[in-house]
Amino acid sequence: MKRLVFLLAAIATLALMLVGCGSDSKDSAATDNKEIFVGVTAGPHAQVMDFVAKEAAKQGIKVKVVEFNDYIQPDVALAQKELTANSYQHQPFLDNMVSERGLKLVSIGKTILLPMGLYSNQYKDLSKVPNGASVAIPNDPTNGGRALLLLQQAGLIQLKDGGSPKSTVADITSNPKNLQIKELEAAQIARSLNDVDIALVNTNYAFNAGLNPLKDAVVVESKDSPFANVFVVREGDENNETIKKLLAVYQSDATKKFIDDTFKGSIIPAF
C-alpha cells in the first residue's frame, strides 16, 4: 500500500513538471502556427504593419495588429507577454525603456524612419519668431532630446556638447529668443498647435492630425537621424523562425514599395 501511494505521488509530481515545462515552452515560443500579435501606434506604423500582415498571410503567417495610443504600453504589453512583438519605436527610446523599467526587450531589425517636424500655425519664417515664444516638445526622455536636437538644427537653441538623444532642457546653453519650453505628452502636441507658437511633432502623430511633414513642417529632421524605428521582441525570441520570417516580409521589396508609394518620401524605409 505504501508503495502504491508513493508511486501515485511520483506520477502526480511528474505530471506537474510536464505541465510546467509545456507552459514555459508556450510562453517563450512566439507561436509557430499560431497568431502573432504585433503592437503598433496608430497611424503610419499601423498602416505599414497592416500591409505586412497581408503579405505574411500569403506565407501562412497569421498576424494580428494591435493599435495603441501612447508610447509606453506597447513595450509593457510585450514584456508581459500580451504581444509577440512590437513595431513603433526608435532605438534610443527602446534603450531608455530597457534601462529605466528593466524590460527584457531587444530590437532585431530596422523598419522605418519617421522624421520629426517643427510646425507652427503662425510662423513659417523662424527669424520672425518673437522673444518668449512658446514651444511644445514631447515629455518622454528620448523624444524630448530628439525635439531639442531639431530646435538646434533649426538654429533656435544650442545644446551642451552639441546635444544627444538624452539632452534635456537643462542642457540648453544658448536660447537667444528666450523660448518657453513646454513638455507635453507626445500624442497631444499636434492638437496643441493653436495654443503654442511652435510644436515639435512626431510624424505618426502629425499624420493623425492631418499634417504632412513634407508640406506642413517648417523644418524636418535630417535623413541621417539616429532615430530609425526598430522591430522589437522579448529576449530569447531573437531567433524564433516565425518572427524572423515576419521581419523578412517587413524588410522586403514589396513593403519598401508600399512605403514609398503610400507616403511619398515623408516616411523613409530604414532597411
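**D161.** I looked up D161 and found it exposed, at 75% relative accessibility. For accessibility I used these classes: buried is under 20% relative accessible area, exposed is over 50%, and partly exposed lies in between (1.4 Å probe, protein chains only). D161 sits in the loop between β8 (158-159) and β9 (172-174). Its phi is near 55 degrees, a positive value in a residue other than glycine. Helices (H or I, at least four residues) and strands (E, at least two) are DSSP runs, numbered from the N terminus.

**Ground rules.** I am working on a predicted model, where local features need pLDDT of at least 70, side-chain atom pairs count only at pLDDT 80 or more, and totals for chains, interfaces and linings use all residues. Residues are numbered from 1 along each chain as its sequence is written, and side-chain values use heavy atoms, with hydrogens and water left out.

**Whole protein.** I noted 10 helices and 14 strands. Of the 271 residues, 47% count as buried. The accessible surface comes to about 13600 Å², and carbon and sulfur atoms hold 52% of it. That area comes from the Shrake-Rupley method with a 1.4 Å probe; for residues, only the protein chains shown count as cover. I then checked contacts (heavy atoms within 4.5 Å). Among those with a separation of 6 or more, 75% join residues 24 or more positions apart.

**Helix α10, buried side.** Next I went to α10 (residues 253-263). T255, I259 and F263 are buried there. They lie on the same side of α10, because they cover an arc of only 40 degrees around the axis. The arc is that of the directions from the helix axis to the C-beta atoms. What do the buried residues of α10 pack against? I listed α2 (44-57), β5 (112-113), α7 (203-208), α9 and β14.

**Helix α10, other face.** The face turned away from the buried side carries the exposed residues D253 and K257. I read 53% relative accessible area for K257.

**Salt bridges.** I counted 6 in the structure. The criterion is a side-chain nitrogen of Lys or Arg within 4 Å of a carboxyl oxygen of Asp or Glu. I looked at three pairs in detail.

- K257 and D261 pair in α10, with the closest N and O atoms 2.6 Å apart. They are 4 residues apart, so about one helical turn separates them. D261 is partly exposed at 40%.
- K256 and D260 form another bridge, at 3.1 Å between the closest N and O atoms. They too stand 4 residues apart in α10, about one helical turn. K256 is partly exposed at 35%, and D260 is partly exposed at 32%.
- K244 and E241 meet at 3.6 Å, N to O. This pair belongs to α9 (residues 241-250), 3 residues apart and separated by about one helical turn. K244 is partly exposed at 37%, and E241 is partly exposed at 46%.

Why do such spacings suit pairing along a helix? An α-helix has 3.6 residues a turn, so residues three or four places apart point the same way. Side chains of opposite charge can pair when their charged atoms come close.

**After α10.** I closed with K264, which follows α10. It lies in the loop between α10 and β14 (268-269). Its phi is near 50 degrees, positive in a residue other than glycine. K264 is exposed, with a relative accessible area of 62%.
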